[in-house]
Amino acid sequence: MAGAFGFKGCQKIRGAQIRGLLEAKDFFLFDCDGVIWHGENAITGAATVVNSLIRRGKNVVFVTNNCTRPRENYVHKFSRLGFTDVMLEQIFSSSYCSALYLRDVVKVHGQVFVVGCEGLRRELLEAGVPCVEEADDDPDATIYNCALAPDVKAVLVGHDDKLTFLKLAKASCYLRDPECLFLATDNDPWHPLSGGRILPGSGSLTAALEVASARKATVIGKPSRFMFECISSQFRGVDPSQCLMVGDRLETDMLFGSNCGLDTMLTLTGVSQLEEAHEYRNSDLTTNHSFVPDYVVDTIADFLPAFEELEELND
């Protein structure tokens, strides 16, 4: 579809070009952080865009690698920020998809050791996936004398702001068993904070455990295809050619879209910028071309004039 519009290759689009996309696409996938909101502040115009798409009968889903909160919390956040038409079934987080993978794909029989926040554990438990209960450890406990849970069949790594060396060591011990699955919610290396600071992401924790265990984790969230498979299993007739993936990170969102055969749009309100996309586009490494978006907008608020044009045409 990108080629049909004649501007494939991270060229910025506006107006009639966006209107053409809105008419051509039936399914819109949005990342959240950096696309829909920054922290507790919605990006200007984002709520109007999302609500308008839903009311026009378009399928809208949200694909986020943020595994720190259960989907119910996302519904409350969407409502609080003015996204009044968003429902639970439209939200696909890496924690929710990890729970589906463990329950429905590998059908894990045993406990899961979670390196992650309480929101991740809640998603697993709501899906009926048993987790190792981590009681408050004796402050003097070490890997030499702590108890290890029996029947651990998987280690799942996500964002964990309470990570301890002991937790990392326990996970390494469980992974000595070649039958124990090694999963990661996502491989995001870091997340931007205000003031130029960054927050280490799940990918940095996974990398530490990969070194300790001499194993590679199976990644569930973007850019893995599994998140799109979850969407396809819950929405009938999802045609990749009729989908548009909108995100702010080239190495995650654009690669996810490329891996799944979706057209991609980069919005410049988050992590990646146009210059980086141009560098990937001009790279001699063909693998880098998967990071290149089909379309670029300054913000998803650029959709708003296209909605106005559509209304005028329908009058």
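The exercises below, each with a worked solution, concern a predicted model of one protein chain.

**Exercise 1. Overall dimensions**

Determine how the radius of gyration of the protein chain relates to the value expected for a compact globule with 315 residues.

Solution. Begin with the expectation, which for a compact globule with 315 residues is a radius of gyration near 20 Å. The protein chain has 21 Å, which agrees with that expectation. As a complementary description, the C-alpha atoms fill a box of roughly 70 × 45 × 40 Å when the box is taken along the principal axes. Turning to burial, 52% of the 315 residues count as buried, and the secondary structure of the chain comprises 12 helices and 15 strands.

**Exercise 2. The open sheet and its edges**

Establish the order of the 7 strands in the open sheet, and then work out which strands stand at its edges.

Solution. The order of the strands is E1-E15-E14-E13-E2-E5-E6, and the pairing is parallel. Strand E1 (11-12) and strand E6 each have a single partner strand and stand at the edges, so one side of each is left without a neighbour in the sheet.

**Exercise 3. Strand E5 and its partners**

Explain why strand E5 (residues 59-64) is described as largely enclosed, and trace its pairing with strands E2 and E6.

Solution. The first step is to count burial, taking a residue as buried when its relative accessible area is under 20%. Because 5 of the 6 residues of E5 are buried, this strand is largely enclosed by the rest of the structure.

The second step considers strand E2 (residues 27-30), which pairs with E5 in the parallel sense over 4 bridges; in this pairing, Leu29 stands opposite Val61 of E5.

The third step turns to strand E6 (residues 91-93), which runs parallel to E5 and is joined to it by 3 bridges. Phe62 has Ile91 of E6 as its bridge partner, while Thr64 stands opposite Ser93 in E6. Between these two strands the chain passes from E5 through helix H4 (residues 71-80) to E6, and the resulting β-α-β crossover is right-handed.

**Exercise 4. Covered elements beyond E5**

Find how many residues are buried in strand E7 (residues 111-115) and in helix H5 (residues 94-105).

Solution. In E7, 4 of the 5 residues are buried, and the strand is accordingly described as mostly covered. E7 pairs with E8 in the parallel sense over 5 bridges, and the bridge partner of Phe113 in E8 is Val155. For H5, which is also mostly covered, 9 of the 12 residues are buried, among them Tyr96, Cys97, Leu100 and Tyr101. Just after H5, Lys107 adopts a positive phi of about 50 degrees.

**Exercise 5. Salt bridges across the chain**

Identify which parts of the chain are linked by the salt bridge between Asp298 and Lys12, and examine how the partners in this pair and in two further pairs are exposed or buried.

Solution. A search of the whole structure finds 19 salt bridges. In the pair formed by Asp298 and Lys12, the closest N and O atoms are 2.5 Å apart. This pair links distant parts of the chain, 286 residues apart, with Asp298 in the loop between strand E15 (295-297) and helix H12 (304-314) and Lys12 in strand E1. Asp298 counts as partly exposed at 31% relative accessibility, and Lys12 is likewise partly exposed, with a relative accessible area of 37%.

The next pair is Asp263 and Lys25, whose side chains meet in a salt bridge at 3.1 Å, N to O. Here too distant parts of the chain are linked, 238 residues apart, since Asp263 belongs to strand E14 (residues 263-267) and Lys25 to the loop between helix H2 (15-24) and E2. Both Asp263 and Lys25 are buried.

The last pair is Lys216 and Glu210, which meet at 3.4 Å, N to O. Lys216 is exposed, with a relative accessible area of 67%, whereas Glu210 is buried, with a relative accessible area of 16%. Finally, salt bridges that share partners join Lys12, Arg14, Asp298 and Asp302 into one network.

**Exercise 6. A nonpolar surface patch**

Locate Tyr144 in the chain and decide whether Tyr144 counts as buried or exposed.

Solution. Tyr144 lies in the loop between helix H6 (118-126) and strand E8 (152-157). With a cut-off of over 50% for exposed residues, Tyr144 counts as exposed at 79% relative accessibility. Together with Ile143 and Leu148, Tyr144 makes a nonpolar surface patch of about 350 Å².

Technical notes: Residues numbered from 1 in each chain as written. Predicted model: local features only at pLDDT ≥ 70, side-chain atom pairs only at ≥ 80, totals over all residues. Heavy atoms only, no water. Buried < 20%, exposed > 50% of the residue type's maximum accessible area, 1.4 Å probe, protein only. Pairing = 2+ DSSP bridges. Right-handed = clockwise from strand over helix to strand, strands pointing away. Patch = residues over 30% accessible without salt bridge, like charges linked within 9 Å, V, L, I, M, F, W, Y side chains within 5 Å. Areas by Shrake-Rupley, 256 points an atom, 1.4 Å probe, with all protein chains shown as cover. Salt bridge = Lys/Arg side-chain N within 4 Å of Asp/Glu carboxyl O. Rg over C-alpha atoms; globule rule 2.2 N^0.38 Å.
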